[in-house]
Amino acid sequence: MRGKYTKFVLLTPALLVVLVITAYPLINTFTLSLREWRLDRSPTPGDFVGLDNYVRAFGDRFFWNSVQVTITFTIISVVMSVVIGLAMALILQKPSKLNTLVKTTLIFPFAVSPALKGFSWRFMLNPSWGIYDTMMDAVFPFASDVVWLAHPFWAQFWLAVSEVWGWAPLIALMFIGALGSISPDIFESAKVEGANNYQLFRHVTLPLLRPVIVIITLLKTIFSLKMFDQVVTMTGGGPGRATQTLNYFVYLQGFRYIDMGYASALAYLLIVALTIFAIFYVRALSGEGI
Amino acid sequence: MKHKVMKRVGWAFEKLAALAALFFILFPIFWLVLTAFKPEKYVYSNAFIFPPVLDNFNAIFSGNPLDFRPNFANSLIISSGTVLIAVPLAVMASYVLSRYAFKGSTPILIWVLSTQFLPPVVVVIPFFVLFRRLGLLDTHISLIIIDLSITLPYALWMIKGFVDTLPIEVEEAAMVDGCSEFQVLRHITVPLIMPGVITTAVFAFIISWNEFLYALVLTSEEATTMTVALLSTLTHRGVQWEWMSAAGMLVMIPVFILSMTIRRHFVQGLTMGAVK
């Protein structure tokens, strides 16, 4: 058949690169996870130790700490991003000059490098000269003694807020797109029936948006589980271990304590968690429901 | 009457909410830009009014005490290199995947999509080991290779979306006239989807430009990118926020310029068809 060879030539290079760059780490990390390998003691991987690294993880309270931090961070950041994003979309969808202006700025926070995002929020939350710290003190006088990033819960909270800053406006854009595709007739007929704004939202908008909300929530969950950069530049995992997400914990084990075997096992546990959400996401996208 | 008051209140509430959103979105960027132009003594107070100076840019460019020029060049080289490899490969493959549904094309697409969910920390461990063995740590090429893992799958999906929207009749007519697939792709399809290709290239560039973890692990001195070099504003006196802000502006400016050029496609690009 004509062109079969051409198709092969066109398709292969990209797929080969994707294969090498993703399958190689998947396989290699897995074999490393079954071996003992402290990079400071030996330049080459050591003996196979079976599932020892995994067993070690389950007995490591710092691992469990990182799991808990990851879950807390993910819940706060996902809920806030989706709720604030939806609220922004509902406000901004009505045509007005101000709303048009705000809509054009929605893309900005997401375009800021996450590493820089972490730095700039850390600056603004500084207890002595941070502008956000000053504003919070003015609004909540009882919080004036709180050093935001030195407090375990608040450090997690603000880390999540820095993530929400990037994502909520982007999610608002996605919702504005979805709202625009709902036929205005539906709203009109509901209004004729005498529905007020709240009823309109609760019984018309929300049910219609449900599939989009599911997809956005899953997408944001995946990205929250992957979040790494701001931990380094905003909190450094601290105070103590209060913001050591699983991602950051893997990084610490692998590149601070250079324990490659253990880091690989931890990385695999992260993959398992992400795979579950990714499967839901792909299924939701292809419209099969969950 | 009561109805009218309610309407007024609702109107005021909507305006206030929109203004609050605007503040939430822009303030961190505004504050960073402001700080970048502040003389040192105004940085550690919440001053809005001050005599603007270029001292901080001088401090991070002159080599005294910091020199971000090599880092800026590294980021440019690595991001451009990544785009120049990822985009042509993605155009070729997505053309076939879009035009010729064969057994296995859907699984291939889902596989390519799912690689985007791989946590970067998983990818970086074996590549760190590999590059270390090959002596490629702290080089541009090692970062270009690993950045392909986040840009190529993305570019492939984006460009496939653009090819999908193109009516196939034009290509069929050209085929009847005796053009080969390769000629059709080069002389008909690519020119028609050029806006889409450029959008994709810009996004791939931004992804690579903002990348942090890979550069943090794989570079130490020679090939350090802008995002990692931000860490060098940390001195024994703590982070020098006026330098960090000036350097941060340099990280943001190229991204903003590029994203303005493709603003219309921005949302679509960011969401990669995540929501249809």
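Reader: How many residues does the contact take from chain B, and how many from chain A?

Author: One caution before the count: this is a predicted model. The contact takes 72 residues from chain A and 68 residues from chain B. On the chain B side, helix 1 (residues 2-36) gives the largest share, 12 residues. By class, that side of chain B splits into 54 nonpolar, 11 polar and three charged residues.

Reader: Let's take one piece of that. How do the axes of helix 1 of chain A and helix 4 of chain B cross?

Author: For a helix pair, look at the axis distance, then the angle, then the hand. Here the axes of helix 1 of chain A and helix 4 (residues 69-99) of chain B come within 8 Å and cross at roughly 120°. Angles from 65 to 115 degrees would count as roughly perpendicular and those over 145 as roughly antiparallel, so these two helices are oblique to each other. As for the hand, the crossing is left-handed.

Reader: And which residues in helix 1 of chain A meet helix 4 of chain B?

Author: A general idea helps with the spacing. An α-helix has 3.6 residues a turn, so residues three or four places apart point the same way. Now the case in hand: helix 1 of chain A brings A:Lys7, A:Leu10, A:Leu11, A:Pro13, A:Ala14, A:Leu15 and A:Val17. Across from them, helix 4 of chain B offers B:Leu89, B:Ala90, B:Met92, B:Ala93, B:Tyr95 and B:Val96. Sorted by class, this helix contact has 12 nonpolar residues, no polar ones and one charged.

Reader: Staying in helix 1 of chain A, is A:Ile21 buried or exposed?

Author: Count the C-beta neighbours. The cut-off for buried is 20 or more other C-beta atoms within 10 Å. A:Ile21, which sits in helix 1 of chain A, has 21 of them and is therefore buried. Leaving out residues up to four places away in sequence, A:Ile21 touches B:Leu148 and B:Ser149.

Reader: What about A:Ser42, buried or exposed?

Author: Try the same count on a loop residue. A:Ser42 lies between helix 1 (4-33) and helix 2 (52-58) of chain A. With 11 other C-beta atoms within 10 Å, A:Ser42 is exposed, because the cut-off for that class is 12 or fewer. You can also set sequence distance against space: A:Ser42 and A:Arg256 are 214 residues apart along the chain, and their C-alpha atoms are separated by 16 Å.

Reader: Zooming out, how many helices and strands are there in chain A?

Author: Chain A has 13 helices and zero strands. Its C-alpha trace spans about 75 × 75 × 30 Å along the principal axes. Of the 290 residues in chain A, 42% are buried. For how the chain folds back on itself, check the contacts with a separation of 6 or more: 71% of them join residues 24 or more positions apart.

Reader: Which residues of helix 12 of chain A are buried?

Author: For a whole helix, tally the residues and then ask what lies over them. Helix 12 (residues 246-256) of chain A is mostly covered, with eight of its 11 residues buried. These are A:Leu246, A:Asn247, A:Tyr248, A:Phe249, A:Val250, A:Tyr251, A:Gln253 and A:Gly254. Their cover includes helix 3 (61-92), helix 10 (197-226), helix 11 (229-235) and helix 13 (260-285) of chain A, along with helix 6 (120-134) of chain B.

Reader: What phi does A:Ile258 take just after that helix?

Author: Most residues other than glycine have a negative phi. A:Ile258 has a positive phi of about 35° although it is not a glycine. This residue is in the loop between helix 12 and helix 13 of chain A, and A:Ile258 is partly exposed, with 15 other C-beta atoms within 10 Å. In chain B, B:Asp138 has a positive phi of about 65° and is not a glycine either. B:Asp138 is in the loop between helix 6 and helix 7 (140-164) of chain B, and with 15 C-beta neighbours inside 10 Å it counts as partly exposed.

Reader: Last one: into which domains is chain B divided?

Author: Chain B has domain 1 (2-60) and domain 2 (68-271), with C-alpha centres 32 Å apart. Their contact takes 11 residues from domain 1 and nine from domain 2.

Technical notes. Residues are numbered from 1 along each chain as its sequence is written. Chains are lettered from A and ligands numbered from 1 in the order in which they are written. This is a predicted model: local features need pLDDT of at least 70, side-chain atom pairs count only at pLDDT 80 or more; totals for chains, interfaces and linings use all residues. Helices (H or I, at least four residues) and strands (E, at least two) are DSSP runs, numbered from the N terminus. Two residues are in contact if their C-beta atoms, placed from the backbone, lie within 7 Å. Ala, Val, Leu, Ile, Met, Phe, Trp, Tyr, Cys and Pro count as nonpolar, Asp, Glu, Lys and Arg as charged, and the others, Gly among them, as polar. Domain bounds come from an automatic or database domain assignment. Axes are lines fitted to C-alpha atoms, for helices over the stretch in contact, and angles run from 0 to 180 degrees between N-to-C directions. Angles under 35 degrees count as roughly parallel, over 145 as roughly antiparallel, 65 to 115 as roughly perpendicular and the rest as oblique. A crossing is left-handed if the near helix is turned anticlockwise from the far one by less than a right angle, and right-handed if clockwise.
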